[in-house]
Amino acid sequence: MENLKPLVRMLERLEKGNEEKAIPILQQINQQLLTEYVIKVDDVIIEPLLVEAYYYHPSKFEDKNTHGYRNERCRKMQSNRFGQLYFHRKGYGGLDLCLSMGDDYCLSFLIKNSLVS
């Protein structure tokens with residue numbers, strides 16, 4: 001997962017008003033997650049087949065669909081949690097891989113479809 005950190009740092013460094021520059025970086029992270037990574041929890045291996053980015057960085061990139069957008073509790077559970085999982089507790093449930101490395105934003109990728117063994 002160390003290969004993803006430079007891309008996350010690029011997102012962090014973007015200035016306010018550069019939302020369009022964030023999109024290709026998010027797409028690059030998506031691509032790497034789909035082609036280079038699996039998630040291993042004990043003996044369970046999750047191979048992502050479809051992932052969806054959620055990024056909320058106040059005044060930089062405000063994805064209003066991110067759980068942390070309006071909910072401070074969710075924001076804390078998704079912020080500064082690089083490489084950790086976030087389990088949805090509302091809606092239909094779900095699993096995100098968090099990649100945020102700071103306390104001031106949320107960056108996670110919803111595992112929409114996967115192979116589990």
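The exercises below work through a few features of this predicted model, each with a solution in steps.

Residues are numbered from 1 along each chain as its sequence is written. Because the model is predicted, local features need pLDDT of at least 70 and side-chain atom pairs count only at pLDDT 80 or more, while totals for chains, interfaces and linings use all residues, and side-chain values use heavy atoms, with hydrogens and water left out.

**Exercise 1. Work out which class of aromatic pair Tyr 55 and Tyr 105 form.**

Start from the rule: rings of Phe, Tyr and Trp (its six-membered ring) pair if their centres lie within 6.5 Å, and planes under 30 degrees apart count as stacked, over 60 as edge-to-face and the rest as tilted. The count by this rule is two aromatic pairs. For Tyr 55 and Tyr 105 the ring centres are 6.1 Å apart and the planes stand at 85 degrees, so the pair is edge-to-face. Next, place the two residues in the chain: Tyr 55 belongs to strand E2 (residues 44-57), whereas Tyr 105 is in the loop between strand E5 (95-98) and strand E6 (106-116), 50 residues apart; strands here are DSSP runs of E with at least two residues, numbered from the N terminus. Finally, both Tyr 55 and Tyr 105 are buried, where buried means under 20% relative accessible area, with a 1.4 Å probe and protein chains only. Together with Phe 61, these two tyrosines form one aromatic cluster.

**Exercise 2. Decide why Cys 98 and Cys 106 are not bonded to each other.**

A disulfide is a pair of cysteine sulfur atoms within 2.5 Å, and the count by this rule is zero disulfides. For Cys 98, the nearest cysteine sulfur is that of Cys 106, 8.0 Å away. Seen from Cys 106, the closest cysteine sulfur is in Cys 98, and the distance of 8.0 Å is too far for a bond. As a last step, consider burial: Cys 98 has a relative accessible area of 0% and is buried, and Cys 106 is buried as well, with a relative accessible area of 0%.

**Exercise 3. Describe the surroundings of Asn 30.**

First, judge the burial: Asn 30 has a relative accessible area of 18%, so this residue is buried. Then list the contacts, a contact being heavy atoms within 4.5 Å: leaving out residues up to four places away in sequence, Asn 30 touches Val 51, Glu 52, Ala 53 and Phe 109.

Methods:
Helices (H or I, at least four residues) and strands (E, at least two) are DSSP runs, numbered from the N terminus. Buried means under 20% relative accessible area, exposed over 50%, partly exposed in between (1.4 Å probe, protein chains only).
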